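Thank you all for coming. I would like to walk through one model this morning, going sheet by sheet and then on to individual side chains.

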Amino acid sequence: MCIQGRSFLKSLKNILSVSVGLVLLFVASNGSVLANSFGPLDGLTGAPTENNCKQCHFGNELNTSGGSLMLTIPETYEPNEVYTIIVDLSRAGQNRWGFEMTALDADGARAGSFEVDSAANTQVSEANSKQYIKQTAVGSAQGTNDAHSWEFQWTAPDADVGAITFYAAGNAANGDFGIAGDYIYTEQAESTPPIPIVAGVSLEVVGDTALSTMDTVSGVNYTLKVTNTGNMMDTITLEASAEVGIEGSVLGALSDRSLELEAGADVEGTLTVAGDLFTKPGNYEISVTATSEIDDTMTAKITTTTTIETPPPPPTPETPPSRPTPWDVNSDGIVNIQDLVLVASEFGQSGESLKGDVNGDGIVNIQDLVLVASHFGEDMNAGQ
C-alpha cells in the first residue's frame, strides 16, 4: 500500500475513535435519562431517608400546582389479602409518565409485596431491604396526553404490622428524553389494620329502682337508659322477667324491645310493672336484661322492686251516738208528760232513729213507757 493510502486509513481510524468517544461520553452523561425511560432508580419515592425524582429532573418545583399524583390503596388491610393499587398521575400538556412506589411499616421496613400487572406496564425491584414497583418502558405511555394511571396488585403482610404507609413519586414528563421540563409529584397514603370489633352494652334505671302502688292493674313506670358501649353500630334487645303466683302475676312491659344504636349512643325507654285483679299485696322483683346482637355474651341487667300495697278497708256506716238520757225524749231537760206522749205517739213502731225507742231495741213498746215513767219529774240540768 502506498504511503498516501496508509495516511488515509490512519486519518479514518482517528476520526472513528473520536466519534466513538463522543457517543460513549453522551451515553455516560445521559445514563440516568436513558435509564429512567425504562424505570427510575431505586430509592426515589420520597419515603423517609429517600430522595425523589427531582434528583434526576430539574426546572420545576416539586409538586407544582396544576398537576397531581393520587394513590388508591385499601383504607384497612387483612393479613395475606390481595388488594388492587392504582396510581393516577396528571399534568396538562405532558405526554410521558413514570412513577415509583414502596410500602413501609412504622419502622421503615418493607411491608407486603407488589406484583406486576399482566400488561407489563410495571416492574419490581429490591434495594436496601425494600421493594419498589415502577413503570416499564411500555408503561411510560409515550404520547399519552395529560394523564396516565397504573394498576397492579399488593399482598398485605402475613401478620398485623400496624399502620403501613405507601410512598410514591411520579414524573409527568414532556417526552423529549431530557431532564428538563418535567414535573415531579410525591404522595403518600396510609393503610391500617382493621379495628377490632368491640361490643358492649350498659343498662341503668333513671331515678328510683323501687316504687309502690295500690293500683295493681295500672302499675308503676320505671325509666331505663340503654347505652351502646361498643365501637360500632349495634342492635340491643331487651327482655323483662315476670313474677307469677297462684293468686295473680306481676309483669314487666317494655316500651321498646329492640334498639339500634350508634357506638356510644344511648336512649331512654319505659318499663311498666303491673299486676292483675288477683295479685296479692307484697314486694315483686322484675329484672330487665339488655343483650348485644353483635356479641350475645355482652349483656347488662337491672332489677326493680315494686311494692303492691294493701288497700285501706272500705269505710263503715257511721253509728249515731247514743243519747246520754234517752228518757228525756224531747231533749228539753226534764222528764214529764210530753216525753210520755212522744213515746205513746210511736207506740208499736219498729226501725232505726225512733225517738220513742228509749231502750234502743228497735221497737217502741211498754218497756219504753216504763223507762220514761221511772224517771218522771227528773231535771236533766240539775247539778250542771
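Let me begin with a question: in β9, which residue is the bridge partner of threonine 165? It is glutamate 190, and I will come back to that pair of strands in a moment. Before that, a word on conventions: this is a predicted model, in which local features need a pLDDT of at least 70 and side-chain atom pairs count only at pLDDT 80 or more, while totals for chains, interfaces and linings use all residues. Residues are numbered from 1 along each chain as its sequence is written, and side-chain values use heavy atoms, with hydrogens and water left out.

Helices and strands are DSSP runs numbered from the N terminus, with helices (H or I) of at least four residues and strands (E) of at least two, and two strands are said to pair if DSSP finds at least two bridges between them. With that in mind, threonine 165 and glutamate 190 belong to an antiparallel pairing in which nine bridges join strand β8, residues 164-173, to β9. These strands sit in an open sheet of five strands, whose order is β5-β6-β3-β8-β9 and whose pairing is antiparallel. The edges are taken by β5 and β9, each having a single partner strand, so one side of each is left without a neighbour in the sheet. Neighbouring strands of this sheet are turned against each other by 20° on average, direction ignored, where the axes are lines fitted to C-alpha atoms (for helices over the stretch in contact) and angles run from 0 to 180 degrees between N-to-C directions.

There is also an open sheet of four strands, again with antiparallel pairing, in the order β1-β2-β7-β4. Here β1 (67-72) and β4 (113-115) are the edge strands, each with a single partner, so one side of each has no neighbour in the sheet. The twist from one strand to the next averages 25°. Within this sheet, strand β2 (residues 82-91) and strand β7 (residues 147-155) run antiparallel and are joined by nine bridges, and isoleucine 86 has glutamate 151 in β7 as its bridge partner.

Let me turn to the loops. Most residues other than glycine have a negative phi. Alanine 120, however, has a positive phi, near 60°, and its place is in the loop between β4 and β5 (122-127). For exposure I use relative accessible area, with buried meaning under 20%, exposed over 50% and partly exposed in between (1.4 Å probe, protein chains only); alanine 120, at 42%, is partly exposed. Serine 129 likewise has a positive phi, near 65°, in the loop between β5 and β6 (130-135), and at 69% it counts as exposed.

Now to the charged side chains. A salt bridge here is a side-chain nitrogen of Lys or Arg within 4 Å of a carboxyl oxygen of Asp or Glu, and by this rule the count comes to five. One of them pairs aspartate 42 with lysine 134, the closest N and O atoms being 2.4 Å apart. That pair links distant parts of the chain, 92 residues apart, with aspartate 42 in the loop between α2 (31-37) and β1, and lysine 134 in strand β6. Aspartate 42 is partly exposed at 31%, whereas lysine 134 is buried at 5%.

Which residue in strand β3 also pairs with lysine 134? It is glutamate 100, with the closest N and O atoms 3.6 Å apart, and both glutamate 100 and lysine 134 are buried. A further salt bridge, at 3.1 Å from N to O, brings together arginine 110 and glutamate 126. Arginine 110 lies in the loop between β3 and β4 and glutamate 126 in strand β5, so the pair ties together parts that are 16 residues apart in sequence. Arginine 110 is partly exposed at 32%, while glutamate 126 is exposed at 56%. As for shared partners, salt bridges join Asp42, Glu100 and Lys134 into one network.

To finish, consider aspartate 368, which is found in helix α4 (residues 366-374) and is buried, at 0% relative accessibility. A polar atom of its side chain lies 2.8 Å from the backbone nitrogen of asparagine 365.

Notes
A polar contact is a pair of N or O atoms within 3.5 Å; within protein, one must be able to donate a hydrogen and the other to accept it, and residues adjacent in sequence count only if both atoms are side-chain atoms.
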